[in-house]
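Work through the exercises below with the model open. Try each task before you read its solution.

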Amino acid sequence: RKACKLSGGLPVKKGDNVLIKTNVVQTPHLGFFLLDKYSPARALATISDPRVAIATAKIAREQGAKTVIIAESNASNCHSFFQEAGYERGVAALKDPAVMTLYLDGTPYKMMKPPTALALPQYAIFDIVEKVNVMVSINPMKTHMWAGTTMTMKNFIGLPANKVYGSYKSGLPHSNIADVIVDLTAIVKDRVRSNFGIVTGIYAGEGLGPLMVDAKLLNTIVAGPDYVAVDAVASTIMGF
């Protein structure tokens, strides 16, 4: 709440439909099963902290949002990821039917052109981005083997349809990941009226991201209405 207030508040108006795009790239169960010295802290450094997503949904509803959809399309089984990470439990605790989770895989998509195409001329994007008034990108603060860092803009890699690009979005040109990120961010900015970015650095992830990171306790939230500014500040905190 403090981070949102200091950055001017969530841009949510009465009657708005809000999409909270999270990054839930791994289940805690999978981490404990596969990685040495895994812990709840490492889990929270790997995914968007569910506590922050639930708090954001509460604030949006208090400001008059008609619906709040917490959504993700990850590289594997999003349903189990949301369940194990605590998202479904957190939404249920709100007892608010206007707040819901959505697994984007299998939902409709359409071809969308970025205003200035850098990597591809068009992308198959889940069409929910054209049905909401506000987009909130919530992402962990962590390093990434391809992108350097992964935060609010890299989070939009989850918006291209898995049916077109594969379960790991492998059909996207990852060798040119920076331009893909710019294209996808531009598509969102071009189609959604209001935008807001939140980086969850309560535990930050350092190491071979997106999956094999060690947790660094920072107790930090970076938030604001400009994805580039939010990611630049968070990257600076990380030492880049």
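The exercises cover salt bridges, one helix pair and two backbone angles.

This is a predicted model, in which local features need pLDDT of at least 70 and side-chain atom pairs count only at pLDDT 80 or more, while totals for chains, interfaces and linings use all residues. Residues are numbered from 1 along each chain as its sequence is written, and side-chain values use heavy atoms, with hydrogens and water left out.

**Exercise 1. Find how many salt bridges the whole structure holds, and name a network of them.**

Step 1. Fix the criterion: a side-chain nitrogen of Lys or Arg within 4 Å of a carboxyl oxygen of Asp or Glu.
Step 2. Search the whole structure; eleven salt bridges turn up.
Step 3. Look for linked pairs. Lys110, Glu130, Asp190 and Arg191 form a network of salt bridges.

**Exercise 2. Locate the salt-bridge partner of glutamate 62 and place both residues in the chain.**

Step 1. The partner is arginine 1, with the closest N and O atoms 2.8 Å apart.
Step 2. Place them. Glutamate 62 sits in helix α4 (residues 50-62), and arginine 1 in the segment before α1 (2-6). Helices (H or I, at least four residues) and strands (E, at least two) are DSSP runs, numbered from the N terminus.
Step 3. Count along the chain: the two are 61 residues apart, so this pair links distant parts.
Step 4. Check exposure. Buried means under 20% relative accessible area, exposed over 50%, and partly exposed in between (1.4 Å probe, protein chains only). Both glutamate 62 and arginine 1 are exposed.

**Exercise 3. Explain why the pair of aspartate 16 and arginine 193 ties together parts far along the sequence.**

Step 1. Confirm the salt bridge: the closest N and O atoms of aspartate 16 and arginine 193 are 2.6 Å apart.
Step 2. Aspartate 16 lies in the loop between α1 and β1 (17-21), and arginine 193 in the loop between α8 (177-191) and β8 (194-208), so the tied parts are 177 residues apart in sequence.
Step 3. Compare accessibility. Aspartate 16 is buried at 5%, whereas arginine 193 is partly exposed at 42%.

**Exercise 4. Do the same analysis for arginine 61 and aspartate 96.**

Step 1. They form a salt bridge, with the closest N and O atoms 2.7 Å apart.
Step 2. Arginine 61 belongs to helix α4 and aspartate 96 to the loop between α6 (87-94) and β3 (99-103), so the pair ties parts 35 residues apart in sequence.
Step 3. Arginine 61 is partly exposed at 30% relative accessible area. Aspartate 96 is buried at 17%.

**Exercise 5. Describe how α4 and α6 cross, and list their contact residues.**

Step 1. Two packed helices are described by the angle and the distance between their axes.
Step 2. The axes of α4 and α6 come within 9 Å and cross at roughly 30°. Axes are lines fitted to C-alpha atoms, for helices over the stretch in contact, and angles run from 0 to 180 degrees between N-to-C directions.
Step 3. That makes α4 roughly parallel to α6 (under 35 degrees; over 145 is roughly antiparallel, 65 to 115 roughly perpendicular, the rest oblique).
Step 4. In contact (heavy atoms within 4.5 Å) are Pro50, Ala53, Ile54 and Lys58 of α4 with Tyr87, Gly90, Val91 and Leu94 of α6.

**Exercise 6. Where do lysine 95 and asparagine 219 lie?**

Step 1. Lysine 95, not a glycine, has a positive phi of about 50°. Its place is the loop between α6 and β3, and lysine 95 is exposed at 74%.
Step 2. Asparagine 219, also not a glycine, has a positive phi of about 50°. Asparagine 219 lies in strand β9 (residues 212-224) and is exposed at 57%.
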